[in-house]
Number of protein chains: 2
Amino acid sequence: MKITKHSRQREAIKEFLMTRKDHPSADTIYIYMREVFPNISLGTVYRNLALLTELGEIQKLHYGTESDHFDGDISLHHHIICRECGSINDLKMENIDFINTLANQNFDGIVEGHNIHFYGICKNCKNNLKLKNNIDKSKSV
Amino acid sequence: MKITKHSRQREAIKEFLMTRKDHPSADTIYIYMREVFPNISLGTVYRNLALLTELGEIQKLHYGTESDHFDGDISLHHHIICRECGSINDLKMENIDFINTLANQNFDGIVEGHNIHFYGICKNCKNNLKLKNNIDKSKSV
DNA sequence: CTGCATGCAAAAACTTTGCACCGCC
DNA sequence: GGCGGTGCAAAGTTTTTGCATGCAG
């Protein structure tokens, strides 16, 4: 485990991530941090994100087309990415670790864990689509 | 849907992916393709991989530290990444789409599907570790 | 012929790294 | 003061894109 000295920048990055409900990318974090530390560099942001991830204090999320995203919430939860707006939201569901056992039935190695990425439509986009649908309907009548 | 004209390069890329059991990255595919088409460019490889993915004929896999990987097998199956050697292997298991419903119970949007990434130890590494373990044991006696 | 696909190279996007200086312990 | 952290900038990696040419329909 890496030894760490206290740093106000790292502290602030972690705090920022814990207060955010979405899961910002390194660049978004950088833009925000500049408001607090006008001279902070992108390198520092990346270095601290990597360090915090290594220490298990935040988690790194990997999605398709975009850059990496970071989550200050390390409790057990899943994520769902919206195919309309691309936002990544938390999704809590009961523990389904039994699928590790299920998965191991046809696998000759050792299944230790899993990550699930759900995809679909977020609350906002669902409402927007509904709205749009109603307008279309009233038009066609 | 994009209209496509036949292309020997695209054909070859798809065939190559279908015969591979692992899930090569764009660069690996490029290196291989150069044996068949010495003048093929990396740009063409990327363009065709994107096109084939869009057409649903192959699938793109996203993992943590590395570049994107591609899978010529689009049947329903999952993947497991080995934490020892980093290899990505197929993993077949019974359908568990019911977790979409489960997930939707606490989510205000629409859950449409999911991807699962398992992680653990692959067959080879498991055997190697066992071997190593036995040697250690016999040494300590 | 027409226009999508290709090869090539340049550029874009994202992330890492070397180095001198700064500030925590 | 010693050493890890920072800012800055340059470089590395992976992927995308513009353009002239080539090839499929």
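In this predicted model, a phosphate oxygen of DNA strand D sits 3.0 Å from an N or O atom in the side chain of A:T44. A second phosphate contact runs through the main chain. A backbone N or O atom of A:S41 lies 3.3 Å from a phosphate oxygen of DNA strand D. The bases are reached too. The side chain of A:R47 places an N or O atom 3.1 Å from a base nitrogen of DNA strand D.

Now widen the view around this strand. DNA strand D has 19 residues around it, and the nearest are A:S7, A:N39, A:T44, A:R47 and B:Y46. Of the strand D atoms that come within 4 Å of the protein, 69% are accounted for by sugar and phosphate. Three helices each supply at least two residues of the surface near DNA strand D: α1 (8-19) and α3 of chain A, together with α3 of chain B. The largest share, four residues, comes from α3(B). By class, this surface has ten polar, six charged and three nonpolar residues.

Turn to DNA strand C. Here 20 residues surround the strand, with A:H6, A:Y46, B:S7, B:N39 and B:T44 the closest. Of the strand C atoms within 4 Å of the protein, 67% belong to sugar or phosphate, and the rest belong to bases. Individual contacts come from chain B. A polar side-chain atom of B:T44 is 3.0 Å from a phosphate oxygen of DNA strand C. The side chain of B:Q9 has an N or O atom 3.2 Å from a sugar or linking oxygen of that strand. For B:R47, a polar side-chain atom lies 3.1 Å from a base nitrogen of DNA strand C. The elements giving two or more residues to this surface are α3 (42-54) of chain A, plus α1 (8-19) and α3 (42-54) of chain B. The most comes from α3(A), with four residues. The classes here are ten polar, six charged and four nonpolar residues.

How are the two protein chains related? A rotation of 180 degrees, with 0.1 Å of shift along its axis, superposes chain B on chain A at an RMSD of 0.2 Å. That is the relation of a two-fold axis. The same surface serves both copies, and 100% of the contact residues of chain B recur in chain A. Within chain B, the residue closest to the rotation axis is B:I116, at 2.3 Å by C-alpha.

Next, the interior. In soluble globular proteins, nonpolar side chains tend to be buried together. The largest nonpolar core in this model has 22 residues, and A:F118 and B:F118 have the most contacts inside it. Both chains contribute: α4 (98-104) and β5 (110-121) of chain A, and α4 (98-104) and β5 (110-121) of chain B, each supply at least two residues of this core. Follow A:F118 outward. Beyond four places in sequence, its contacts in chain A are A:H78, A:H79, A:I80, A:I81, A:L91 and A:M93. Across in chain B, A:F118 touches B:I99, B:N100, B:A103, B:V111, B:G113 and B:H114.

Finally, return to helix α1 of chain A, where A:K14 has its place. Is A:K14 buried or partly exposed? A:K14 counts as partly exposed because its relative accessibility is 25%. Leaving aside neighbours within four places in sequence, A:K14 is in contact with A:L52, A:E57 and A:I58. The C-alpha atoms of A:K14 and A:I40 are separated by 15 Å, and the two residues are 26 residues apart along the chain.

Conventions: Residues are numbered from 1 along each chain as its sequence is written. Chains are lettered from A and ligands numbered from 1 in the order in which they are written. This is a predicted model: local features need pLDDT of at least 70, side-chain atom pairs count only at pLDDT 80 or more; totals for chains, interfaces and linings use all residues. Side-chain values use heavy atoms; hydrogens and water are left out. A residue is near a molecule or strand if one of its heavy atoms lies within 4 Å of it. A polar contact is a pair of N or O atoms within 3.5 Å; within protein, one must be able to donate a hydrogen and the other to accept it, and residues adjacent in sequence count only if both atoms are side-chain atoms. Ala, Val, Leu, Ile, Met, Phe, Trp, Tyr, Cys and Pro count as nonpolar, Asp, Glu, Lys and Arg as charged, and the others, Gly among them, as polar. A nonpolar core is a set of buried Ala, Val, Leu, Ile, Met, Phe, Trp, Tyr and Cys residues joined through side-chain atoms within 4.5 Å. Buried means under 20% relative accessible area, exposed over 50%, partly exposed in between (1.4 Å probe, protein chains only). Contact means heavy atoms within 4.5 Å. Copies are superposed by least squares on the C-alpha atoms of residues with pLDDT of at least 70 in both.
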